[in-house]
Amino acid sequence: GLVIDGRTLAYALEPTLEDKFLSLAKRCRSVLCCRATPLQKSMVVKLVRDKLKAMTLAIGDGANDVSMIQVADVGVGISGQEGMQAVMASDFAIPRFRHLEKLLLVHGHWCYSRLANMVLYFFYKNAMFVALLFWYQFYCGFSGSSMVDQWYLIFFNLLFSSLPQLITGVLDKDVPAEVLIAVPQLYKSGQ
């Protein structure tokens, strides 16, 4: 593990030393930055995100964590005694730190699964529509005539672009929450 205070972190984040600091941090299982300023917190997150090309998660519970939460790819705000500034700046809000496990392992897995299914669904929906237009052109002799009325096109897109997402978002849970908590390795399958 690496424990570094704010005064030392100021030197470690200088452009000439940041690569050495990052290589040292990569060799550690955990890195703890204590007594760091809000700017230093955001600089550490930005350094990891930019140099390692990794997705970053920042968790904060007060106003001093807002810049770090905004720099990270995913920000989680914990509502607490220090106010609601972190919650207002975050992507997700949780009432207690203990809920982070369920947010990441359960809802994160479900989100990956749902997004993957929706991307495939939209690809095939649009491929079917374009294929229909393509084959109609052979039928009408490439005259440029309209295949269907504009209202049918509006209803087609409205029906096939709204209802499936609503149903998938509410009902699609490929693995129960209890199993996802018990077997955290399932989170990697979505990635």
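How many salt bridges does a search of the whole structure find? The search finds five, and the points below take up several of them together with the helices in which they sit; the model is a predicted one.

1. Helix H3. This helix covers residues 38-52, which makes 15 residues, and its first and last C-alpha atoms are 21 Å apart, close to the 21 Å expected at 1.5 Å a residue. The buried residues in H3 are Gln40, Lys41, Ser42, Val44, Val45 and Leu47, and they pack against helix H1 (6-12), helix H2 (18-26), strand E2 (31-34) and helix H4 (66-71).

2. Two residues of H3 with opposite surroundings. Serine 42, which lies in helix H3, counts as buried because its relative accessibility is 8%, under the cut-off of 20%. Leaving aside residues up to four places away in sequence, serine 42 touches Ser67, Met68 and Val71. Leucine 39 is also found in helix H3, but it counts as exposed, since its relative accessibility of 57% is over the 50% cut-off. The C-alpha atom of leucine 39 is separated by 54 Å from that of tyrosine 152, a residue 113 places away along the chain.

3. Helix H2. Glu18, Phe21, Leu22 and Ala25 are the buried residues in H2. Viewed down the axis of H2, these buried residues fall within an arc of 100°, so they line one face of the helix. The general background is that an α-helix has 3.6 residues a turn, so residues three or four places apart point the same way. The packing partners of the buried residues of H2 are strand E1 (2-5), H1, E2 and H3.

4. The salt bridge between H2 and H3. Glutamate 18 and lysine 51 form a salt bridge in which the closest N and O atoms are 3.5 Å apart. This pair links distant parts of the chain, with glutamate 18 in helix H2 and lysine 51 in helix H3, 33 residues apart. The two partners differ in exposure: glutamate 18 counts as buried at 18% relative accessibility, whereas lysine 51 is partly exposed, with a relative accessible area of 40%.

5. The salt bridge of aspartate 65. Which residue is the salt-bridge partner of aspartate 65? The partner is lysine 41, and the closest N and O atoms of the two are 2.7 Å apart. Aspartate 65 lies in the loop between strand E3 (57-60) and H4, while lysine 41 belongs to helix H3, so the pair ties together parts that are 24 residues apart in sequence. Both aspartate 65 and lysine 41 are buried.

6. A further pair, and a network. The side chains of arginine 49 and aspartate 50 meet in a salt bridge, at 3.3 Å from N to O. Aspartate 50 is partly exposed, with a relative accessible area of 31%, and arginine 49 likewise counts as partly exposed, at 23% relative accessibility. Elsewhere, Glu18, Asp19 and Lys51 are joined into one network by salt bridges that share partners.

7. Positive phi values. Where does arginine 35 lie? Arginine 35 is placed in the loop between E2 and H3, and its phi is near 55°, a positive value in a residue other than glycine. Lysine 53, in the loop between H3 and E3, comes just after H3 and takes a positive phi of about 55°. As general background, most residues other than glycine have a negative phi. Arginine 35 is exposed, with a relative accessible area of 78%, and lysine 53 is exposed as well, at 70%.

8. Helix H6 and asparagine 126. Asparagine 126 has its place in helix H6 (residues 100-140) and is partly exposed, with a relative accessible area of 40%. Its C-alpha atom is separated by 9.5 Å from that of asparagine 157, although the two residues are 31 residues apart along the chain.

9. A nonpolar surface patch. Leu159, Phe160, Leu163, Leu166, Ile167, Val170 and Leu171 form a nonpolar patch on the surface, and their accessible area together is about 690 Å². One of these residues, leucine 166, is placed in helix H7 (residues 150-171). Leucine 166 counts as exposed because its relative accessible area of 59% is over the 50% cut-off.

Key. Residues are numbered from 1 along each chain as its sequence is written. This is a predicted model: local features need pLDDT of at least 70, side-chain atom pairs count only at pLDDT 80 or more; totals for chains, interfaces and linings use all residues. Side-chain values use heavy atoms; hydrogens and water are left out. Patches are made of residues with over 30% relative accessible area and no salt bridge: like charges are joined within 9 Å, nonpolar side chains (Val, Leu, Ile, Met, Phe, Trp, Tyr) within 5 Å. Accessible areas come from the Shrake-Rupley method with a 1.4 Å probe; for residues, only the protein chains shown count as cover. A salt bridge is a side-chain nitrogen of Lys or Arg within 4 Å of a carboxyl oxygen of Asp or Glu. Helices (H or I, at least four residues) and strands (E, at least two) are DSSP runs, numbered from the N terminus. Buried means under 20% relative accessible area, exposed over 50%, partly exposed in between (1.4 Å probe, protein chains only). The expected span of a helix is 1.5 Å times one less than its number of residues. Contact means heavy atoms within 4.5 Å. The arc is that of the directions from the helix axis to the C-beta atoms.
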